[in-house]
Structures are given as C-alpha cells and as structure tokens.
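This report describes the fold, the interior and the charged side chains of one protein chain. Please view the sequence and the structure alongside the text.

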Amino acid sequence: MFEGWFSSDDDFIDQNGRGVIECPMCGDRIIARMPGAPRLNLSGGKDPAAQVATVPAADMQARWLQLARQVIQNTEDVGERFAEEARRMHYGEIDERGIRGQATAEERRSLLDEGIEVVPLPLPVSLKGPIQ
C-alpha cells in the first residue's frame, strides 16, 4: 500500500489505464484505489475498546525501505543463479554467505523440499540501481 495524490478520479483512472502508476516498493503496476479519509463516513459511534493502534503508512514504508537497504548492503546479488548458489552452500560445496537473487516459485518449492530455507523478498524498484 502507498499513498498517491491525484487532481481527480478521472486523472487517477487515466494514469492507471496508461500504466504510469507503479508501487514504489515492489514496482507492481496493478493498482487499486482505496477510499481516502475525506470519503470515509466516520460519524457512527466507536467502541474505544475495539480500536487498534496503527502505524501510519509512511512510517511502514520508511521502515520497509530501511530493511530493504540493509538486506542489499549485507548480501550478494547472484541473480538467476540463486537456487544453484543456495544448494551449493547447503551441501557444503562453497562457504555460506548472504545471497539474494531471483528464483521461480517452482525453484523455491524445490529448495524448501530439500530443507533449504528461502524467503521471497520483493525489493523496491527504486533500490535496484546503485545504493545511495
């Protein structure tokens, strides 16, 4: 989830239809619009006991970017060789080290079946270039 501001509903629909809006975190271009605060009807009574503390989206995004930068700085990008490198480390053919890369869903399932722990971690498109 991310925030965006548009001059009108038509402006959002136009930009979304042309594929110019993308998630700054994962690069996904399938964007759904959520109701904004001015459109929510909050006039009903609330049960204070039922309220849940929330973290603002901007804070969550900042924390996610911080984590993503940390992962990038502390791992080696092995690209499409990820499954091969993970297996080589698991079976003691090479020294263990932090790696990241691309693996298909089938490759991830196969690694898990072999007892090799992997975690899909979509990195923000904005961090795929040089780290600032």
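Read from its start to its end, the chain of this predicted model follows the order α-α-β-α-β-α. In total, its secondary structure comprises four helices and two strands. The chain has 132 residues, of which 20% count as buried. Its accessible surface amounts to about 10200 Å², and carbon and sulfur atoms make up 52% of that area. Among the contacts in the chain with a separation of 6 or more, 48% are between residues 24 or more positions apart.

## Nonpolar interior

The largest nonpolar core consists of ten residues: Val78, Phe82, Ala83, Ala86, Met89, Ile94, Ile99, Leu111, Ile116 and Val118. Helix H3, which spans residues 82–90, contributes the most to this core, with four residues. Apart from this core lies another, of seven residues, which include Cys23, Leu65, Ala68 and Leu123.

Alanine 86 belongs to the largest core. When neighbours within four places in sequence are set aside, alanine 86 is in contact with Ile99, Leu111 and Ile116.

## Salt bridges

How many salt bridges does the structure hold? There are six, and the table presents three of them, with the distance between N and O atoms and the relative accessibility of each partner.

| Positive partner | Negative partner | N to O distance |
|---|---|---|
| Arginine 18, 53% | Aspartate 14, 38% | 3.1 Å |
| Arginine 87, 25% | Glutamate 114, 26% | 2.8 Å |
| Arginine 88, 29% | Glutamate 93, 55% | 3.9 Å |

The pair of arginine 87 and glutamate 114 links distant parts of the chain. Arginine 87 is in helix H3, whereas glutamate 114 is in the segment after helix H4 (105–113), and the two are 27 residues apart. Arginine 87 counts as partly exposed because its relative accessible area is 25%, between the limits of 20% and 50%. Glutamate 114, at 26%, is likewise partly exposed.

In the pair of arginine 18 and aspartate 14, the arginine is exposed because its relative accessibility of 53% is over 50%. Aspartate 14, at 38%, is partly exposed.

Glutamate 93 is exposed, at 55%, and its salt-bridge partner arginine 88 is partly exposed, at 29%. Salt bridges with shared partners connect Glu76, Glu85, Arg88, Glu93 and Arg97 into one network.

## Glutamate 85

Glutamate 85, a member of that network, is located in helix H3. Is this residue buried or exposed? Glutamate 85 is buried, because its relative accessible area of 5% is under 20%. The side chains of glutamate 85 and arginine 88 are joined by a polar contact of 3.0 Å. Setting aside neighbours within four places in sequence, glutamate 85 is in contact with Val78, Ile94, Arg97 and Ile99. Three of these names, Val78, Ile94 and Ile99, are also found in the list of the largest nonpolar core, and Arg97 is part of the salt-bridge network.

## Arginine 100

Arginine 100 lies in strand S2, which covers residues 99–101. Arginine 100 is buried, yet has no salt bridge. Which side chain of opposite charge is nearest to arginine 100, and how far away is it? That side chain belongs to aspartate 77, at a distance of 4.4 Å. The pair does not count as a salt bridge because the limit is 4 Å and the separation is 4.4 Å.

A polar atom of the arginine 100 side chain lies 3.4 Å from the backbone oxygen of isoleucine 72. With neighbours within four places in sequence left aside, the contacts of arginine 100 include Val71, Ile72, Thr75, Glu76 and Asp77. Val78, Gly79, Phe82 and Leu123 are also in contact with arginine 100. Of these, Val78 and Phe82 are named in the largest nonpolar core, while Leu123 is named in the core of seven residues.

## Arginine 108

Arginine 108 is situated in helix H4 and is partly exposed, at 27% relative accessibility. Arginine 108 and valine 118 are ten residues apart along the chain, and their C-alpha atoms are separated by 6.8 Å. Beyond neighbours within four places in sequence, arginine 108 is in contact with Ala103, Val118 and Pro120. Val118 is also one of the residues of the largest nonpolar core.

Note on methods
Residues numbered from 1 in each chain as written. Predicted model: local features only at pLDDT ≥ 70, side-chain atom pairs only at ≥ 80, totals over all residues. Heavy atoms only, no water. Buried < 20%, exposed > 50% of the residue type's maximum accessible area, 1.4 Å probe, protein only. Lys, Arg positive; Asp, Glu negative; His and termini not counted. Polar contact = N/O pair within 3.5 Å; in protein donor to acceptor, adjacent residues only side chain to side chain. Contact = heavy atoms within 4.5 Å. Core = buried A, V, L, I, M, F, W, Y, C linked by side-chain atoms within 4.5 Å. Areas by Shrake-Rupley, 256 points an atom, 1.4 Å probe, with all protein chains shown as cover.
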